[in-house]
Amino acid sequence: MALTLLEVTSSTGARVQVSTSSIEVIEVIIQAKDTNTGSVYVGDSTVTSTNGLKLGAPETSRTPDFVSFGTGGIPSNTINLNSLYIDPVNSNEGTNVFYR
């Protein structure tokens, strides 16, 4: 099964949902966009630009620029994309979200 790409960008540098629709998936890879100059934080609805799982700006940081979540391929265990949020430090930055 191929991965699907969803681009998520925050025009104001504020927290945004990865998806406002309910999308159940078995694997998610969230990668900081290579044009970002600042960090992006990943988490639930309480994530802020100072907490959560930090993704560094590509090529400028030793902080990982991607994170992967999975269910071990068990179809009955899913991750809902509308439960994930990103919060970039800077405006007009975000992530690429790959899922299946």
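## Two open sheets and a shared core

Strand E2 and strand E9 (residues 85-88) pair in the antiparallel sense over two bridges; pairing here requires that DSSP finds at least two bridges between two strands. Strands are DSSP runs of E with at least two residues, helices are runs of H or I with at least four residues, and both are numbered from the N terminus. The model is a predicted one, in which local features need pLDDT of at least 70 and side-chain atom pairs count only at pLDDT 80 or more, while totals for chains, interfaces and linings use all residues. Residues are numbered from 1 along each chain as its sequence is written, and side-chain values use heavy atoms, with hydrogens and water left out.

Within the E2 and E9 pair, Val 16 has Ile 86 of E9 as its bridge partner. Both strands belong to an open sheet of four strands, ordered E2-E9-E5-E6, with antiparallel pairing. At the edges of this sheet lie E2 (16-17) and E6 (53-55), each of which pairs on one side only.

It is helpful to set this sheet in the context of the whole chain. The protein chain has zero helices and 10 strands, so its elements read β-β-β-β-β-β-β-β-β-β from the N terminus on, with strands assigned by the DSSP criterion above. Of contacts (heavy atoms within 4.5 Å) between residues at least 6 apart in sequence, 77% join residues at least 24 apart.

A second set of strands deserves equal attention. Here an open sheet of four strands follows the order E1-E10-E4-E7, again with antiparallel pairing. Its edge strands are E1 (4-10) and E7, each pairing on one side only. From one strand to the next, the twist averages 20 degrees; for such angles, axes are lines fitted to C-alpha atoms (for helices over the stretch in contact), and values run from 0 to 180 degrees between N-to-C directions.

Strand E4 (residues 27-32) has partners on two sides in this order. With E7 (residues 66-70), E4 forms an antiparallel pair over five bridges, and with E10 (residues 93-99) the antiparallel pairing of E4 also spans five bridges. Ile 30 takes part in both: its bridge partner in E7 is Val 67, and its partner in E10 is Val 97. One place earlier in the chain numbering, Ile 29 stands opposite Phe 98 in E10.

Ile 30 also leads into the interior. The largest nonpolar core has 16 residues, and those with the most contacts inside it are Val 18, Val 28, Ile 30, Leu 81 and Leu 84. Such a core is a set of buried Ala, Val, Leu, Ile, Met, Phe, Trp, Tyr and Cys residues joined through side-chain atoms within 4.5 Å. E4, E5 (40-43) and E10 each supply at least two residues of this core, and E4 gives the most, with three. Leaving aside residues up to four places away in sequence, Leu 81 touches Leu 6, Val 18, Ser 19, Ile 23, Val 25, Val 28 and Tyr 99.

Buried residues make up 39% of the 100 residues in the chain, where buried means under 20% relative accessible area, exposed over 50%, and partly exposed in between (1.4 Å probe, protein chains only). Thr 20, in the loop between E2 and E3 (24-25), has a relative accessible area of 69% and is therefore exposed. The C-alpha atoms of Thr 20 and Ser 83 are separated by 8.9 Å, although these residues are 63 apart along the chain. The accessible surface of the chain comes to about 5,500 Å², of which 49% belongs to carbon and sulfur atoms; accessible areas come from the Shrake-Rupley method with a 1.4 Å probe, and for residues only the protein chains shown count as cover.
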